[in-house]
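Biologist: I am new to reading protein models. Could we go through one together, feature by feature?

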Amino acid sequence: MLSEPDPRKGENPVARYLGELAIASGEEAGEELGVILAEALRAAFAQVVEQNGGEATMRAVLNRLLTS
């Protein structure tokens, strides 16, 4: 995820996929939401890496973001 290109500068498969999920669930601005979610995930994962968090922390962050 962290190695994906910035979604604001071109195609990002993670942002596209999350946007497709948002659209499928009825979100009006699904494409934009996909970009926002991809960036939130990138920022959360970067924070975990910077604080030397392990796999369990990474999974907890991902679970929390995706269930909010």
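**Reading a helical model**

Modeller: Of the 68 residues in the protein chain, 21% count as buried. Keep in mind that this is a predicted model.

Biologist: Which elements make up the protein chain, and in what order do they run?

Modeller: From the N terminus on, the order is α-α-α. The chain has 3 helices and 0 strands.

Biologist: What is the mean pLDDT of the protein chain?

Modeller: pLDDT is the predictor's confidence in each residue, from 0 to 100. Here the chain mean is 82. A pLDDT of 70 or more is reached by 84% of the residues. Among the elements, α1 has the highest mean, 91. The lowest, 80, belongs to α3.

Biologist: Now the inside. Which residues make up the largest nonpolar core?

Modeller: The general idea comes first. In soluble globular proteins, nonpolar side chains tend to be buried together. In this model, the largest nonpolar core has 5 residues: Ala15, Leu18, Ala38, Leu41 and Phe45. Two elements, α1 and α2, each give two or more residues to this core. The largest share comes from α2, with 3 residues.

Biologist: And on the surface? Which residues form a nonpolar patch there?

Modeller: Leu62, Leu65 and Leu66 do. Together they have about 240 Å² of accessible area. Take Leu62 as a case. Leu62 sits in helix α3, which covers residues 55-67. Its relative accessibility is 31%, so Leu62 counts as partly exposed.

Biologist: Next, charges. How many salt bridges are there?

Modeller: Side chains of opposite charge can pair when their charged atoms come close. The cut-off used here is a Lys or Arg side-chain nitrogen within 4 Å of a carboxyl oxygen of Asp or Glu. The count is 3 salt bridges.

Biologist: Start with Arg16. Which side chain does it meet in a salt bridge?

Modeller: That of Glu20, at 4.0 Å from N to O. Both residues are in helix α1, 4 residues apart, so about one helical turn separates Arg16 and Glu20. Arg16 counts as partly exposed because its relative accessibility is 42%. Glu20 is partly exposed too, at 47%.

Biologist: What about Glu39? Which residue is its partner in a salt bridge?

Modeller: Arg42, with an N to O distance of 3.2 Å. Glu39 and Arg42 both belong to helix α2, residues 30-50. They are 3 residues apart, about one turn of the helix. Now check Arg42 for burial. Its relative accessible area is 15%, so Arg42 is buried. A charged side chain should not be assumed exposed; read the value each time.

Biologist: Then Glu55 and Arg59. Are they buried or exposed?

Modeller: Both Glu55 and Arg59 are exposed. Their closest N and O atoms are 3.0 Å apart, and the pair forms a salt bridge. Glu55 and Arg59 are 4 residues apart in helix α3, so they are separated by about one helical turn.

Biologist: Can residues from separate parts of the chain come together? How far apart are the C-alpha atoms of Arg16 and Gly34?

Modeller: Compare two numbers: the separation along the chain and the separation in space. Arg16 and Gly34 are 18 residues apart along the chain, and their C-alpha atoms are separated by 6.2 Å. Arg16 itself is in helix α1. Here is another pair. Val48 and Val61 are 13 residues apart along the chain, with 8.3 Å between their C-alpha atoms. Val48 is part of helix α2. At 7% relative accessibility, Val48 is buried.

Biologist: Let us look outside the helices. Where does Asn12 lie?

Modeller: Asn12 is in the segment before α1, which spans 13-24. Its relative accessibility is 4%, so Asn12 counts as buried. Follow its side chain. It reaches the backbone nitrogen of Val14 at 2.8 Å.

Biologist: One last feature, a backbone angle. Which residue has a positive phi although it is not a glycine?

Modeller: Asn52, with a phi of about 55°. Asn52 lies in the loop between α2 and α3. Is this residue buried or exposed? Asn52 is exposed, because its relative accessible area is 70%.

Key: Residues numbered from 1 in each chain as written. Heavy atoms only, no water. Patch = residues over 30% accessible without salt bridge, like charges linked within 9 Å, V, L, I, M, F, W, Y side chains within 5 Å. Areas by Shrake-Rupley, 256 points an atom, 1.4 Å probe, with all protein chains shown as cover. Buried < 20%, exposed > 50% of the residue type's maximum accessible area, 1.4 Å probe, protein only. Polar contact = N/O pair within 3.5 Å; in protein donor to acceptor, adjacent residues only side chain to side chain. Core = buried A, V, L, I, M, F, W, Y, C linked by side-chain atoms within 4.5 Å.
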